[in-house]
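Here is a short guided look at a protein model, written for someone meeting it today. Please keep the sequence and the 3D view open as you read.

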Amino acid sequence: MPKMELEFERLKIREITVSDASVIAQWKSGPLFRKMSTGSMTIINEGNQRQDIEKSLSQLNESYLIIIEKRSSQPVGYVRFNWMGSSQRYGWLRFGLGAEQGKGYMGEALTGIFQHLFQHETYRIDAEVYEYNTKSLKLLKSLGFQKEGVRRQAYFDKDQYFDIHVMGLLKSDWLEVSPQSRASLNIN
């Protein structure tokens with residue numbers, strides 16, 4: 001998989017490095033992030049995030065990207081794809097933001113990344129979202145993702161089961177997303 005380096009109006013996207021482990025561990029340890037992504041029972045520390053990054057970098061079927069806010073040069077989030085098969089035609093998306101939420105960074109990052117991917121080999125992107133993560137569901141729908149199903153009570157956290165929404169984005173869905181919405185993010 002070729003290295004991905006992209007630049008947009010407010011953001012730079014680059015491949016993750018082992019030196020990013022501390023900030024990833026910090027984000028994933030926060031209570032909101034745990035609720036929306038990792039779960040309360042997952043052990044998160046810099047060491048295991050370093051190992052995760054090292055493993056990711058050695059895999060040909062994975063892209064792990066860090067989102068950098070250009071003005072401050074600080075990391076604000078990440079995007080991660082696990083590619084199914086030997087090409088990047090079909091991938092499973094994961095993403096998260098640190099403390100910089102509510103500023104549209106993830107929408108800008110995903111829009112730019114999807115534009116790049118769909119101009120190349122990508123045909124389909126999948127995502128799964130916990131039922132209570134309404135912000136991520138809304139974001140994915142705004143980018144053209146379709147709800148394809150529900151994994152009923154498939155996630156357990158703190159003595160309660162939750163549904164997982166299964167979302168999919170085809171290249172044809174992406175092409176139907178309003179050009180005006182992509183233009184508002186200054187993405188061609």
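Strand E1 (residues 6-7) and strand E2 (residues 11-15) pair in the antiparallel sense over two bridges. Strands (at least two residues) and helices (at least four) are DSSP runs, numbered from the N terminus, and two strands pair if DSSP finds at least two bridges between them. Leu6 has Ile13 in E2 as its bridge partner, and a hairpin of three residues joins E1 to E2.

A word on the model: it is predicted, with local features needing pLDDT of at least 70 and side-chain atom pairs counting only at pLDDT 80 or more, while totals for chains, interfaces and linings use all residues. Residues are numbered from 1 along each chain as its sequence is written, and side-chain values use heavy atoms, leaving out hydrogens and water.

**The sheet**

Eight strands form an open sheet with mixed pairing, in the order E1-E2-E3-E4-E5-E6-E8-E7. E1 and E7 stand at the edges with a single partner strand each, so one side of each has no neighbour in the sheet. The table lists some of the antiparallel pairs.

| Strand pair | Bridges | A bridge or opposite pair |
|---|---|---|
| E2 and E3 (residues 62-69) | five bridges | Arg14 and Ile66 |
| E4 and E5 | seven bridges | Gly77 and Leu97 |
| E6 and E8 | seven bridges | Ile125 and Leu169 |
| E7 (residues 146-157) and E8 | eight bridges | Val150 and His165 |

Helices pack on this sheet too. Helix H3 (residues 46-58) touches E3 and E4, and its direction makes about 120 degrees with that of E3. H5 touches E5, E6 and E8, and its direction makes about 160 degrees with that of E6. These angles run from 0 to 180 degrees between N-to-C directions, with axes fitted to C-alpha atoms, for helices over the stretch in contact.

**The cores**

Which residues have the most contacts inside the largest nonpolar core? They are Val79, Phe81, Leu93, Leu110, Ile113, Phe114 and Phe145, in a core of 34 residues. A nonpolar core is a set of buried Ala, Val, Leu, Ile, Met, Phe, Trp, Tyr and Cys residues joined through side-chain atoms within 4.5 Å. Elements giving two or more residues to this core include strand E4 (74-83), strand E5 (90-97), strand E6 (124-130) and helix H5 (134-142). Helix H4 gives the largest share, eight residues.

Val79 touches several residues beyond four places away in sequence, among them Tyr64, Leu93, Phe95, Leu110 and Ile113. Touching, or contact, means heavy atoms within 4.5 Å. A second, separate core of 11 residues includes Ile16, Ala21, Ile53 and Ile66.

**A closer look at His165**

Now find His165 in strand E8 (residues 160-170). Is His165 buried or exposed? His165 counts as buried because its relative accessibility is 13%; buried means under 20% relative accessible area, exposed over 50% and partly exposed in between, with a 1.4 Å probe and protein chains only.

The side chain of His165 makes a polar contact with that of Lys147 (3.2 Å). A polar contact is a pair of N or O atoms within 3.5 Å; within protein, one must be able to donate a hydrogen and the other to accept it, and residues adjacent in sequence count only if both atoms are side-chain atoms. Leaving aside residues up to four places away in sequence, His165 also touches others, including Val129, Glu131, Leu137 and Val150.

Finally, E7 and E8 form a hairpin with two residues between them, and Lys158 in the turn has a positive phi of about 55 degrees.
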